[in-house]
Amino acid sequence: FTGNVEGFAVNNITPQQARRISRLLVDVGDHVRAGQKLAEMDNAALTQTKAQYENAKATFERSDELYKFGGESKANWEAVKTQYEVAKSTYENMLENTSLISPISGVVTARNYDNGDMVTGQPIFVVQQINPVKIYVNVSESLYSYISKGMKVNVEFDALPEQKFEGKVSRITP
């Protein structure tokens, strides 16, 4: 039978919001490790968000001291605390989406943008874990009943004609 080979895990690397790319650090074919930085996004919004976070933090710390000594109402203290927590969460999210990190070790199999491009929809990179791989095989209806989960199979690739590999059936879908 013939089949389609795919990475065991596939990750689409993209920021949450449309952002301009400052610098791409890898390219198609590069091997990357989990935790490796792949791209840096424009950080103008990060700088602004950090300033707002630091201001909210300072305001909360002052309000917290006053509240401890009875100089601040609970309602005002809670409002300032909420503003601080929102600013902190926004800053942490922006920080996470300014330096894009690979969650898996693998190979970069696609790059859809260049430095300076605005990201709009497609992932910047696709990273695939290629050891092990998954192979999707369509088996004819007449042979379907002979296939079972856990069954060992021999695999050959046109690109590697001298090598044979052993795999196993991990999923069967009608």
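## A sheet, a helix and a nonpolar patch

Val 10 stands opposite Gln 128 in strand E7. That pair is a handy way into this structure, which is a predicted model. From there we can walk across an open sheet of four strands, then look at helix H1, which covers residues 44–68, and finish at a nonpolar patch on the surface.

**The sheet**

- The four strands line up in the order E1-E7-E6-E3, and their pairing is antiparallel.
- Which strands stand at the edges? They are E1 (3–13) and E3, and each has a single partner strand, so one side of each is left without a neighbour in the sheet.
- If you're new to sheets, keep in mind that strands pair through backbone hydrogen bonds, either parallel or antiparallel.
- E1 and E7 are joined by 10 bridges and pair in the antiparallel sense.
- Next along, E6 and E7 run antiparallel too, with four bridges between them.
- Gln 128 turns up again here, since Val 107 stands opposite this E7 residue.
- At the other end of the order, two bridges join E3 (residues 31–32) to E6 (residues 106–111), and these strands also run antiparallel.
- Val 107 in E6 has His 31 standing opposite, so you can trace a path across the sheet: Val 10 faces Gln 128, Gln 128 faces Val 107, and Val 107 faces His 31.

**Helix H1**

- H1 has 25 residues and reaches 37 Å from its first C-alpha to its last, which is close to the 36 Å expected at 1.5 Å a residue.
- Which residues of H1 are buried? The list is Leu 46, Thr 49, Tyr 53, Ala 56, Phe 60, Ser 63 and Asp 64.
- Part of the cover over those buried residues comes from helix H2 (74–96).
- After H1 comes Gly 70, and its phi is positive, near 80°.

**The nonpolar patch**

- Phe 1, Val 5, Ile 130, Val 133, Ile 135, Val 137, Leu 143 and Tyr 146 form a nonpolar patch on the surface, and together they have about 730 Å² of accessible area.
- Which strand gives the most to the patch? That's E7 (residues 125–137), with four residues.
- Leu 143, one of the patch residues, sits in the loop between E7 and strand E8 (152–157).
- How exposed is Leu 143? Its relative accessible area is 35%, so Leu 143 counts as partly exposed.

Conventions: Residues are numbered from 1 along each chain as its sequence is written. This is a predicted model: local features need pLDDT of at least 70, side-chain atom pairs count only at pLDDT 80 or more; totals for chains, interfaces and linings use all residues. Side-chain values use heavy atoms; hydrogens and water are left out. The expected span of a helix is 1.5 Å times one less than its number of residues. Buried means under 20% relative accessible area, exposed over 50%, partly exposed in between (1.4 Å probe, protein chains only). Contact means heavy atoms within 4.5 Å. Patches are made of residues with over 30% relative accessible area and no salt bridge: like charges are joined within 9 Å, nonpolar side chains (Val, Leu, Ile, Met, Phe, Trp, Tyr) within 5 Å. Accessible areas come from the Shrake-Rupley method with a 1.4 Å probe; for residues, only the protein chains shown count as cover. A salt bridge is a side-chain nitrogen of Lys or Arg within 4 Å of a carboxyl oxygen of Asp or Glu. Two strands pair if DSSP finds at least two bridges between them.
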